[in-house]
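Work through these exercises with the model open beside you. Try each task before reading its solution.

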Amino acid sequence: MVARLVIAAPSSGAGKTTVATGLMAAFAGRGLAVSPHKVGPDYIDPGYHALATGRPGRNLDAYMCGTELIAPLFAHGARGCDLAVVEGVMGLYDGAAGQGELASTAQVAKLLRAPVVLVVDASSQSRSVAALVHGFASWDPEVRLGGVILNKVATDRHEALLREALEESGVPVLGVLRRAPAVATPSRHLGLVPVAERQAQAVEAVAAQAEQVRAGCDLDALLALARSAPELNGETWDAAATLRAGAARGGHRPATGPQTADGHGRRPVVAVAGGAAFTFSYAEHAELLSAAGAEVVTFDPLRDEVLPEGTSGLVIGGGFPEVYGEQLSANEPLRKAVAELAASGAPVAAECAGLLYLARSLDGRPMCGVLDADARMSERLTLGYRDAVAVSDSVLAAAGTRMRGHEFHRTVIEPGAGESAAWGLRQPERRVEGFVRGGVHASYVHTHWAGAPGAAARFVEQCG
């Protein structure tokens, strides 16, 4: 049994990330092994969580992975830990658009049987805070609201008014935080600036968040609340076991451990893009690739002029190539190496930032030229879950395979799809998008392979 808390809020912008990250760092500073988690598809917050705890930040996404995997994935990430802190997404009851509670923080809290701590931005209210908290506490009786942390409190007088009002709600106040510029994390067009781009400043910000939480929150009461969570029964997710189960159902060949699928005793090298320009990835992807028999090697397209030795497959996830377009373009030797690998027919999986990197150009700067398409920044934010069907056979899926994913970008690529498209999207509007060409699968849609482990197995099978 892992003690656990879910940190939620009435809406975005209330301070969930500051509080959750501060709690993680504060409890880790007490010597506890803290497991960090994030509800939803967000890639950036888990980077700060990892910095606070020294463990990989892991996502819990009921839309992309399915509700049945939330508890097993949580147990996998929290194995051996003393405490797990789960940061919510948006408002407590906000989930996938038009699908009720699906993928909401409230749903995840119920699936984990975890108490919820509500972070309230109290900067513009006093007695009304009690009505707000009462509403959130009573909306769904299956959600256990265990306490409130009041954020952005102005003065001692303001705090006294808030505490007096909340006495009537029956929900305990577990923390009061003043406004503190030192804990702020800078944002830009897609949210917070990732840790990898501001390592020293990020360390300082997380330390400030931990100190603010230590000073303003009752850590003993919060830990007692976390320990009051009941035992969480069920299986623990395991990459190798997941692949074996998929193979038994006929979805793909079984993983062969240290051997490749051809049995020659060599692990194919799968190069995974990393560094400041490509920070978006789920920890389970590398675990699934490894369990499928690959040797996973990370490289940095901003610095490395060659792909890792022996590369036979390439994964380029999300990130901010638009911010680093000049540096990526200047690394001509690597761009040529990527183009040559793709031309050889080797499997290449690219999502969002990876799609832009494989394009002919990005904002007029030459990229890898693998795709006959050009990308540019846009004023429009494209954001939301996607229900996708594979249009073409590819290194990730057979035509007709249904997968769920997520889009999040302020760029456009023209054309938006190749002669062989990657996905047909069912919502919010019906359209095809992405490119399948030889061994290349490139798309704006981010997927979580824990929800479709056959993708990793299929990819590694095709690494020669």
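**Exercise 1. Find the partner of strand β2, and say how the two strands run.**

Step 1: Strand β2 covers residues 34-39 and strand β4 covers residues 83-87. Strands here are DSSP runs of E, at least two residues long, numbered from the N terminus; helices are runs of H or I, at least four residues.
Step 2: β2 and β4 pair in the parallel sense over five bridges. Pairing requires that DSSP finds at least two bridges between two strands.
Step 3: Take valine 34; its bridge partner in β4 is leucine 83.

This is a predicted model: local features need pLDDT of at least 70, side-chain atom pairs count only at pLDDT 80 or more, and totals for chains, interfaces and linings use all residues. Residues are numbered from 1 along each chain as its sequence is written, and side-chain values use heavy atoms, with hydrogens and water left out.

**Exercise 2. Write out the strand order of the sheet.**

Step 1: The order is β3-β2-β4-β1-β5-β6-β7, seven strands in an open, parallel sheet.
Step 2: β3 (58-60) and β7 (173-178) are the edge strands, each pairing on one side only.

**Exercise 3. Check the length and burial of helix α1.**

Step 1: α1 spans residues 16-29, which is 14 residues. The expected span is 1.5 Å times one less than the number of residues.
Step 2: That gives 20 Å, and the end C-alpha atoms are 20 Å apart, so the two agree.
Step 3: 12 of the 14 residues are buried (under 20% relative accessible area, 1.4 Å probe, protein chains only). Therefore α1 is largely enclosed by the rest of the structure. Among the buried residues are Lys16, Gly22 and Phe27.
Step 4: Glycine 31 follows α1, with a positive phi near 95 degrees.

Note on methods: Buried < 20%, exposed > 50% of the residue type's maximum accessible area, 1.4 Å probe, protein only.
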